[in-house]
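Ready for a few exercises at the bench of your molecular viewer? Have a look at the sequence and the structure first, then work through the tasks below.

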There are 2 protein chains.
Amino acid sequence: MTSSKTDLRVIRTRKLIMDAFIALSSKKEFKDITVKDITTEAMINRATFYYHFEDIYDLLEKVLSEVLLINLNDDFLHHNELNEGAFLILFKAITNFQKSLSNRCHRGYEETIARIIREQLEIIFYKMLVKQNAASENGALKMTAVILSWGIYGASIEWRTSNQEMQPEEFIKPVIPYLLAGIDGQHKNE
Amino acid sequence: MTSSKTDLRVIRTRKLIMDAFIALSSKKEFKDITVKDITTEAMINRATFYYHFEDIYDLLEKVLSEVLLINLNDDFLHHNELNEGAFLILFKAITNFQKSLSNRCHRGYEETIARIIREQLEIIFYKMLVKQNAASENGALKMTAVILSWGIYGASIEWRTSNQEMQPEEFIKPVIPYLLAGIDGQHKNE
DNA sequence: TTTGAATTGTTGTTTATACAACACTTTGAA
DNA sequence: TTCAAAGTGTTGTATAAACAACAATTCAAA
């Protein structure tokens, strides 16, 4: 741990900016939000914004991945085994996240959001896979993580566009055996 | 106007501290709130607290007078004549303020609060009186303001301790003619 | 197309705030 | 009572953030 505590001002300012952005997102569409809007709401100087974030897209990315990670960390990372229950919790978290997004009017940025979600999923899957098979070859685990992340993300899109009335659990449950089989299969090939 | 704009950081920090204090006040009693509690909630350093406020009583005083002033400014200072309607609005604002205080568990500090309310009332009455009779002697107006502020404050205490079911308006209405007569009487003596 | 206003990024200087350390007081339990 | 823990209030130094000014884009309206 290189725990060189970050300055309280940095933590506070980041929080103020992110909170301001989230608050604004529920009032306007993303494309209508300017940096000045955010800094005014957050009560910080505009130059300070650029001290913390490259631009407004960088902020979007960090807010989204943080919200998603909070969604996950709470009830996922404790059950650290990649079994049926884990997939159910994970899929539910993603669909919840997407519901909260659509409430916040982030339309028109699906591509950015998609990339962020998928990247986060890949990171999570990879961590879980490494934890479970420390011995396996790294490249193979990475590839498995890639495939799982795209697959699960795609499933969540499918759920969102067609079957929102169906519960996420029942939506994903039928394919979980297939996913697990893939992981196990890879196992045996090592 | 000596409008040497105050630094945005000062405004923001004061707001963070006051908001944190108000938030804590709805969870704990005043006597159980420490400076550390406030600064933690506000995400500021403890030393910064002392840069802005002498101590926790100073903060209490400033929060209370600010809340009261907001209560008043909104619907009072626009009707800038000291007639029956003005007294009604003013009395209603004070009783509202006292209700919000008791919700926030500030018991045990009635004396401090009383002083703050009365001082604010005196300031307001004095301003109104000066506006209405610019020609009159200053000392007499000040004395009138003192008497009115103690009187109205006392009436609000009387209302609070005995008759909370009665509407503030009907409670104060009967004595307003007397108050107005006093003001007019003073007028004629000039 | 041109113009003017709004927005984006950036930089140098000043200042408010974080941090750590300190002595002192208050509090509560052994 | 005695002791440890928690709270108060202060100070010197390091640094994040405010501010003002700037050039460069973007964009809507004339």
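Each exercise below is followed by a worked solution.

Before starting, note that this is a predicted model, in which local features need pLDDT of at least 70, side-chain atom pairs count only at pLDDT 80 or more, and totals for chains, interfaces and linings use all residues. Residues are numbered from 1 along each chain as its sequence is written, chains are lettered from A and ligands numbered from 1 in the order in which they are written, and side-chain values use heavy atoms, with hydrogens and water left out.

**Exercise 1. Describe the secondary structure and burial of chain A.**

Step 1: Take helices as DSSP runs of H or I with at least four residues, and strands as runs of E with at least two, numbered from the N terminus. Chain A then has nine helices and zero strands.

Step 2: Call a residue buried under 20% relative accessible area, exposed over 50% and partly exposed in between (1.4 Å probe, protein chains only). Of the 190 residues in chain A, 42% are buried.

Step 3: Use contact for heavy atoms within 4.5 Å. Among the contacts of chain A that join residues at least 6 apart in sequence, 66% are between residues at least 24 apart.

**Exercise 2. Work out why Gln120(A) counts as buried, and what it touches.**

Step 1: Find Gln120(A) in helix 6 (residues 110-132) of chain A.

Step 2: Gln120(A) counts as buried because its relative accessible area is 14%.

Step 3: Leaving aside residues up to four places away in sequence, Gln120(A) touches Ser65(A), Leu68(A) and Leu69(A).

**Exercise 3. Characterise the interface of chain A and chain B.**

Step 1: Buried area is the accessible area (1.4 Å probe) that two parts lose on being put together, summed over both. Here it is about 760 Å², and carbon and sulfur atoms give 76% of it. On the chain A side, Leu8(A), Arg12(A) and Met43(A) supply 72% of the area buried against chain B, more than any other three residues.

Step 2: Count the residues: eight come from chain A and eight from chain B.

Step 3: Look for salt bridges (a side-chain nitrogen of Lys or Arg within 4 Å of a carboxyl oxygen of Asp or Glu). The rule finds zero across this interface.

Step 4: Look for polar contacts, meaning pairs of N or O atoms within 3.5 Å; within protein, one must be able to donate a hydrogen and the other to accept it, and residues adjacent in sequence count only if both atoms are side-chain atoms. Two residue pairs qualify, both at pLDDT 80 or more.

**Exercise 4. Which residues are the closest to DNA strand C, and which element gives the largest share of the surface near it?**

Step 1: A residue is near a strand if one of its heavy atoms lies within 4 Å of it. DNA strand C is surrounded by 23 residues, the closest being Arg9(A), Arg12(A), Thr13(B), Thr48(B) and His52(B). Sugar and phosphate make up 65% of the strand C atoms that come within 4 Å of the protein.

Step 2: Check phosphate oxygens of strand C: a polar side-chain atom of Thr13(B) lies 2.5 Å from one, and a polar side-chain atom of His52(B) lies 2.8 Å from one.

Step 3: Helix 3 of chain B gives the largest share of this surface, four residues.

**Exercise 5. Which element gives the most to the surface near DNA strand D?**

Step 1: Helix 3 of chain A does, with four residues.

Step 2: Add two atom pairs. A backbone N or O atom of Asn45(A) lies 3.0 Å from a phosphate oxygen of DNA strand D, while a polar side-chain atom of Asp7(B) lies 3.1 Å from a sugar or linking oxygen of that strand.
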